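I opened a notebook page for this protein and went through its overall make-up and one pair of packed helices. The entries below follow the order of looking things up.

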Amino acid sequence: MNRNYFLKTLLKCSISIAFIGCASAGMIFEKEGVALRGYDPVAYFMQGQPVKGVPQFQAQHQGAVFHFASQASRDAFIASPDKYTPQYGGYCAFGMASGYKAATDPAAFTVVGGKLYLNYNREVQKMWSADIVGFVSKADQNWPTASKQSKVQE
């Protein structure tokens, strides 16, 4: 991928995100009162793919409700929630590298070093994949301040 294409795509995504609007944001990204849009955080590690959870199997962590596809997933999460909770509270890891909270698509994910990272969409995920180590470093630096932001870019 050439540098100009990368920069143009980054600019387009940033502008799109900025104009879509903002919603209220807590420490964990939630949509309609459920973390991860209702997807099972354990499935990303155990099945290597997003799997929709069900309200029957749920648990709370850091004030957010998580859904799971099975009792076994729920139990694994309860036993070790920090292992399965996505980085940056499930907000877009690429956005966090730029210092802001952005919504995520459960299908745009990466598991690296035993940690789950989510992205705004698959296009952003491609940009994220170009320098995961560098973006993680920036996002880790930004999270303590950005985690306190009260708005999320949808």
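**Helix pair α6 and α7**

I looked up the orientation of the pair: α6 and α7 are roughly perpendicular to each other, because angles from 65 to 115 degrees count as such. The model is predicted, and I read all values with that in mind.

The underlying numbers are a packing angle of about 100° and axes 7 Å apart. For this pair, helix α6 covers residues 122-129, while α7 covers residues 132-146.

I then asked which residues make the contact between α6 and α7. On the α6 side I found M127, W128 and S129, and these meet I132, F135 and V136 of α7. By class, the residues of this contact divide into 5 nonpolar and 1 polar, with no charged residue.

**Helix α7 by itself**

Next I checked where α7 bends. A kink of about 30° lies at D140, and the proline P144 follows shortly after it.

I also listed the buried residues of α7: I132, G134, F135, V136, A139, W143 and A146. I132, F135 and V136 are among them, and these three also meet α6.

**Whole protein**

I noted 7 helices and 8 strands. Of the 154 residues, 47% are buried.

For the surface I recorded an exposed area of about 7900 Å², of which carbon and sulfur atoms supply 53%.

My last entry concerns contacts between residues at least 6 apart in sequence: 64% of these join residues at least 24 apart.

Terms used: Residues are numbered from 1 along each chain as its sequence is written. This is a predicted model: local features need pLDDT of at least 70, side-chain atom pairs count only at pLDDT 80 or more; totals for chains, interfaces and linings use all residues. Side-chain values use heavy atoms; hydrogens and water are left out. Helices (H or I, at least four residues) and strands (E, at least two) are DSSP runs, numbered from the N terminus. Buried means under 20% relative accessible area, exposed over 50%, partly exposed in between (1.4 Å probe, protein chains only). Contact means heavy atoms within 4.5 Å. Accessible areas come from the Shrake-Rupley method with a 1.4 Å probe; for residues, only the protein chains shown count as cover. The bend at a residue is the angle between axes fitted to the seven residues ending there and the seven starting there. Axes are lines fitted to C-alpha atoms, for helices over the stretch in contact, and angles run from 0 to 180 degrees between N-to-C directions. Angles under 35 degrees count as roughly parallel, over 145 as roughly antiparallel, 65 to 115 as roughly perpendicular and the rest as oblique. Ala, Val, Leu, Ile, Met, Phe, Trp, Tyr, Cys and Pro count as nonpolar, Asp, Glu, Lys and Arg as charged, and the others, Gly among them, as polar.
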